[in-house]
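Here are my notes from going through this one, roughly in the order I'd look at things with the model open. Pull it up alongside and follow the points.

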Amino acid sequence: MKTTAKHNERVAKMKFFSVYPHYITKVEKKGRTKEELHQVIEWLTGFDENKIQKLIDEEVTFETFFQNAELNPNAHLIKGVICGYRIEEIENPLTQQVRYLDKLVDELAKGRKMEKILRIG
């Protein structure tokens, strides 16, 4: 499934602060914690808890969010299908990065071990 220019634009303009509470709800409903969510976000982006809160307070778009991120060098190891798209086949870099985050949140919510989520070993 290829993403369209319209889809990529919509993803870029989405506000991180509006999606973030859904991430928390999703992981907490499955018995995981906000701290674990932050650990996953920090692994992917390099943002610590203070930076995450600053980006939420500034109501940044995903485009700005990922422009400021230092993507983990192992992010390319995140594979699979999310929202009907095979992550490794997404051509738009920003859309792919947003889907990386979605996939990590999904894995956390599904109870996957943190070492597996963070692609350790």
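1. Let me start with helix 4, bearing in mind that this is a predicted model. The buried residues of helix 4 pack against three others: helix 2, helix 3 and helix 5. Which residues are those? Ile52, Leu55 and Ile56 are the buried ones in helix 4. Looking down the axis of helix 4, you'll find its buried residues within an arc of 105°, so they line one face of the helix. That fits the usual rule: an α-helix has 3.6 residues a turn, so residues three or four places apart point the same way. Turn to the other side of helix 4 and you get Asn50 and Asp57, which are exposed.

2. Next, the core. The largest nonpolar core has 37 residues, and those with the most contacts inside it are Phe16, Leu37, Leu44, Phe62, Phe65, Phe66 and Leu101. Which helices feed it? Helix 1 (5-13), helix 2 (16-29), helix 3 (34-45), helix 4 (49-57), helix 5 (62-67), helix 6 (93-109) and helix 7 (114-117) each put in at least two residues. Helix 6 contributes the most, with eight residues. As background, nonpolar side chains in soluble globular proteins tend to be buried together.

3. Leu101 is a handy residue to centre the view on. Setting aside neighbours within four places in sequence, Leu101 is in contact with Phe16, Tyr23, Ile41, Leu44, Phe62, Phe65 and Phe66.

4. Now the pairing of helix 3 with helix 6. Their axes come within 10 Å and cross at roughly 150°, and the crossing is right-handed. From helix 3 the contact uses Glu36, Leu37, Val40, Ile41, Trp43 and Leu44, while helix 6 brings Gln97, Tyr100, Leu101, Leu104, Val105 and Leu108. How do the residues of this contact divide by type? There are ten nonpolar, one polar and one charged.

5. His7 deserves a click. His7 sits in helix 1 and counts as buried, at 7% relative accessibility. What does His7 touch? Not counting residues up to four places away in sequence, the partners of His7 are Tyr85, Thr95 and Arg99.

6. Thr61 is in the loop between helix 4 and helix 5. Is Thr61 buried or exposed? With a relative accessible area of 14%, Thr61 is under the 20% cut-off and therefore buried. Once neighbours within four places in sequence are left out, Thr61 is in contact with Ala12, Lys13, Met14, Lys15 and Phe16. Thr61 and Phe17 are also worth a look: 44 residues separate them in sequence, yet their C-alpha atoms are 8.2 Å apart in space.

7. Finally, two backbone angles to check. Cys83 has a phi near 55°, a positive value in a residue other than glycine. You'll find Cys83 in the loop between strand 1 (81-82) and strand 2 (85-86), and Cys83 is exposed, with a relative accessible area of 52%. Arg119 likewise has a positive phi, near 55°, and is not a glycine. Arg119 lies in the segment after helix 7. Where Cys83 is exposed, Arg119 is buried, with a relative accessible area of 15%.

Methods. Residues are numbered from 1 along each chain as its sequence is written. This is a predicted model: local features need pLDDT of at least 70, side-chain atom pairs count only at pLDDT 80 or more; totals for chains, interfaces and linings use all residues. Side-chain values use heavy atoms; hydrogens and water are left out. A nonpolar core is a set of buried Ala, Val, Leu, Ile, Met, Phe, Trp, Tyr and Cys residues joined through side-chain atoms within 4.5 Å. Buried means under 20% relative accessible area, exposed over 50%, partly exposed in between (1.4 Å probe, protein chains only). Helices (H or I, at least four residues) and strands (E, at least two) are DSSP runs, numbered from the N terminus. Contact means heavy atoms within 4.5 Å. Axes are lines fitted to C-alpha atoms, for helices over the stretch in contact, and angles run from 0 to 180 degrees between N-to-C directions. A crossing is left-handed if the near helix is turned anticlockwise from the far one by less than a right angle, and right-handed if clockwise. Ala, Val, Leu, Ile, Met, Phe, Trp, Tyr, Cys and Pro count as nonpolar, Asp, Glu, Lys and Arg as charged, and the others, Gly among them, as polar. The arc is that of the directions from the helix axis to the C-beta atoms.
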